[in-house]
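Please look over the structure shown here before reading on. The briefing is meant for someone who has not met it before.

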Amino acid sequence: MRLSAEVETALREGQPVVALESTVITHGLPRPLNLQTAQKLEAAVREEGAIPATIAVLGGEVVAGLSAGELERLALDDKADKASLWNLAALAAQGKNAGTTVATTTFLAHRAGVAVFATGGIGGVHPDPYDESADLTELSRTPIVVVCSGAKSILNLAATLERLESYGVTLLGYRTDKFPAFHTPESPFSVPAKAESPQEVARIYARARELGLPSATLVTNPVSRGLPFEQVQGWVEQANQEAARHGIQGKSLTPYLLRRISELSSGQTDQVNLRLLEENARLAARIAGALVQRG
């Protein structure tokens, strides 16, 4: 793994650093919004006093802390792959460009020594049998702070929460008792614990490390202005029915559902997505600062 000079210096000197994933650049947003969003997220982290470390695979090399030119190169590459844990080694060996998923970014951020990672929504358990994100497994075995807005709206939220419990993932609601559902600040499901400040998150994470707990500390941060849960679930149900009629399944299903929900909402879900990405990046930077203050 290659660390940028800025990230390497920040880690060595004990400055706050926040990891950012890159599938939002390669697969999550259309051009040129993908590059603009990536730049905005890095700027938000800096404004909150931390150093951004966007992680990706470039020419087979894992990089933590993309330069401005590397960020643009990745955003313009319409053939960039999606690096999950099961294909990361192959992509690296074959010299490919790839954006890193939540699972892969979690793994690589921890390996680089970065303690805090900000993303949009985690993957989880899908309604279809045996379709479960690698994000859950990686969260169960990687002890870093992951800031998100809950799980993606298209998932089986009850089953996702059960799996997080089974895997022993430390789950926190940030100033909320309810599990956020990505586009929705509140779902009908509760979280086991709540944190009111970045300093409290830092204390909980520190105690988890002292106890030797192996999992991530998953901080679920509800978006400030979201959409009603029932409304989003209605769009999800309609999109799933349409996907079934068209025979869309497997790897093609998630991007289809997200795109169709965006269409059904007249772009409202896209606006919420951009908002929560920035809010999570800012909160992650504050948590990273609180961890540094603890020493």
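What follows covers one helix, one loop residue and the empty spaces.

This is a predicted model, in which local features need pLDDT of at least 70 and side-chain atom pairs count only at pLDDT 80 or more, while totals for chains, interfaces and linings use all residues. Residues are numbered from 1 along each chain as its sequence is written, and side-chain values use heavy atoms, with hydrogens and water left out.

**Helix H8**

- Helices here are DSSP runs of H or I with at least four residues, and strands are runs of E with at least two, numbered from the N terminus.
- In helix H8 (residues 157–166), the buried residues (under 20% relative accessible area with a 1.4 Å probe, protein chains only) are Leu157, Thr160, Leu161 and Leu164.
- Seen down the axis of H8, these buried residues fall within an arc of 95° (taken from the directions from the helix axis to the C-beta atoms), so they line one face of the helix.
- Glu165 and Ser166, on the other side of H8, are exposed (over 50% relative accessible area).
- The cover over the buried residues of H8 includes helix H7 (134–141), strand E9 (170–174), strand E11 (217–220) and helix H10 (229–245).
- At the N-terminal end, Asn156 caps H8, with a side-chain oxygen 3.3 Å from the backbone nitrogen of Ala158, and H8 is followed by Gly168, whose phi is positive, near 70°.

**Ser265**

- Ser265 is found in the loop between helix H11 (253–264) and H12, and it counts as buried at 1% relative accessibility.
- The side chain of Ser265 reaches the backbone nitrogen of Thr269 at 3.2 Å, while the C-alpha atoms of Ser265 and Val232, 33 residues apart along the chain, are separated by 8.3 Å.

**Empty spaces**

- On a 1 Å grid over the protein atoms alone, a cavity is a set of points where a 1.4 Å probe fits but cannot get out, whereas a pocket is an open set with protein on both sides within 12 Å along at least five of seven lines; lining residues have an atom within 4 Å of a point.
- The largest cavity has a volume of about 100 Å³ (the space filled by probe spheres set on the points, which are joined across faces, edges and corners).
- The largest cavity is lined by 13 residues, of which Leu20, Glu21, Val24, Leu41 and Ala118 lie nearest its centre.
- The second largest pocket holds about 160 Å³ of space, and helix H12 (residues 268–294) gives the most to its lining, with three residues.
- Among the residues lining the second largest pocket are Leu11, Pro16, Val114, Ala288 and Val292.

How values were computed:
Contact = heavy atoms within 4.5 Å. Polar contact = N/O pair within 3.5 Å; in protein donor to acceptor, adjacent residues only side chain to side chain.
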